[in-house]
Amino acid sequence: MNFRFPQRPRRLRQNQAIRSITRESQIHATDLALPVFITEEAKPVEIPSMPGVFRWPLHELERKITEWYSSGIRAFALFPKIGESKKDSTGSYILNEDSLCYQAGRLISALHLDLCLIADLALDPYTDHGHDGIIGSEGKVVNDDTVEILAKASLLCAKAGFHFVAPSDMMDGRVSVIRSQLEENGFHETGIISYSAKFCSSYYGPFRDAIGASGGASISKQSYQLDPANFRAARRELFLDIEEGADILLIKPAEPYLDIIHQAKQQCNVPIAAYQVSGEYSRLVAASQNDWLNLQSCAMESIISIKRAGADIILTYFADRLVNWLKS
Ligand code: PBG
């Protein structure tokens, strides 16, 4: 058979070189940000529900950050696990300048590397109930009192040397209050990566184990995180956060919400970040441990899909391995 088709798309797929020059999206090490768990425990601890991911004590942090930096990673987002005895109902330890997160910020800043340091800003590592806000007399998460604490904590992050604060709480109006507090206190250069479209997802379970969040996977954050069914509500949050002064918008989880990432990239003139969360990581690792999926190729496919949808920055627990895969 010898048809005369004018269009033969397979011409562009015939060898590796042609496939490479016609590839539309590429992953670069500088697209990635590595979430880093830090701990008061004496030794690194591997997180059982996230094989290959560890919590790092401060005395290991200089070595690890330098190692990751040398491999090409330029952005790091820190998540503290603090001791149970320091938690209370209002998460007051977030306002202690000597708490783990700020110590880590000072330590990493002192390395004088050309990197981007991000502080996740939320109360859940610090509250004894595990919510991202303080709970009022009616048992509800109280918006404005929570925002007040977060804004104060943003100043401590800025002082400790973080380039960005990343409020991950989903309280209303917090970006505007954090922005004005930072401005009033002279922290004009400290930016805000807002978790604008953060969905109420079951994929956060392993993360809650990792930071020892009270309540674990069972706690419901539906009164503040977005309903996974809602596209327009997510769009509304994105636009509000731009108006309120966010520098970068973040969507989370990533792969189940590619439509939102795409929309944000089309409509919003700020960089778009996407967070491939703990459960997205763990499901691939677990399947690969059963020899059901190939970890490297599935992880690469998941990251390229997030990039293709429009993410400029991808937070992923694979970042440390990805940079090496990209070289091979
Ligand atoms: C909470 C926070 C969560 C994550 C980042 N910040 C969990 C939650 O909202 O319960 C999840 C990240 C992940 O699953 O990797 N402030």
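## Salt bridges in helix α2

In this predicted model, the side chains of Glu67 and Arg63 meet in a salt bridge, with 3.6 Å from N to O. Both residues belong to helix α2, which covers residues 58-70, and they stand 4 residues apart, about one turn of the helix. Glu67 also meets Lys64 in a salt bridge, here with an N to O distance of 3.0 Å; because Lys64 and Glu67 are 3 residues apart in helix α2, about one helical turn separates them.

These pairs belong to a network of salt bridges that links Glu60, Arg63, Lys64 and Glu67. The members differ in how far they are covered: Lys64 has a relative accessibility of 9% and therefore counts as buried, whereas Arg63, at 45%, counts as partly exposed, and Glu67 is partly exposed with a relative accessible area of 39%.

## A salt bridge between a strand and a loop

The structure holds 18 salt bridges, and one of them joins Arg55 to Glu41, whose closest N and O atoms are 2.9 Å apart. Arg55 lies in strand β3 (residues 54-57) and Glu41 in the loop between β1 (32-39) and β2 (45-46), so the pair ties together parts that are 14 residues apart in sequence. Arg55 counts as buried at 8% relative accessibility, while Glu41 is partly exposed, with a relative accessible area of 27%.

## His131 and Glu243

His131 is placed in the loop between β5 (116-121) and β6 (134-135), and with a relative accessibility of 13% it counts as buried. When its neighbours within four places in sequence are left aside, the residues in contact with His131 are Leu123, Asp124, Val141, Ile219, Ser220, Lys221 and Tyr224.

Glu243, by contrast, counts as exposed at 67% relative accessibility, and its place is in helix α7, which comprises residues 231-244. Although Glu243 and Val175 are 68 residues apart along the chain, their C-alpha atoms are separated by 9.1 Å.

## The chain as a whole

The chain has 11 helices and 12 strands, and 53% of its 328 residues count as buried. Its radius of gyration is 20 Å, which agrees with the value near 20 Å that a compact globule of 328 residues would have. Taken along the principal axes, the C-alpha atoms fill a box of roughly 80 × 45 × 40 Å.

Among contacts between residues at least 6 apart in sequence, 74% join residues at least 24 apart. The chain exposes about 15300 Å², of which carbon and sulfur atoms supply 49%. It carries 34 positive and 40 negative side chains, and the centres of these two sets lie 11 Å apart.

Terms used
Residues numbered from 1 in each chain as written. Predicted model: local features only at pLDDT ≥ 70, side-chain atom pairs only at ≥ 80, totals over all residues. Heavy atoms only, no water. Helix = DSSP H or I, 4+ residues; strand = E, 2+ residues; numbered from the N terminus. Rg over C-alpha atoms; globule rule 2.2 N^0.38 Å. Buried < 20%, exposed > 50% of the residue type's maximum accessible area, 1.4 Å probe, protein only. Contact = heavy atoms within 4.5 Å. Areas by Shrake-Rupley, 256 points an atom, 1.4 Å probe, with all protein chains shown as cover. Lys, Arg positive; Asp, Glu negative; His and termini not counted. Charge placed at Lys NZ, Arg CZ, Asp CG, Glu CD. Salt bridge = Lys/Arg side-chain N within 4 Å of Asp/Glu carboxyl O.
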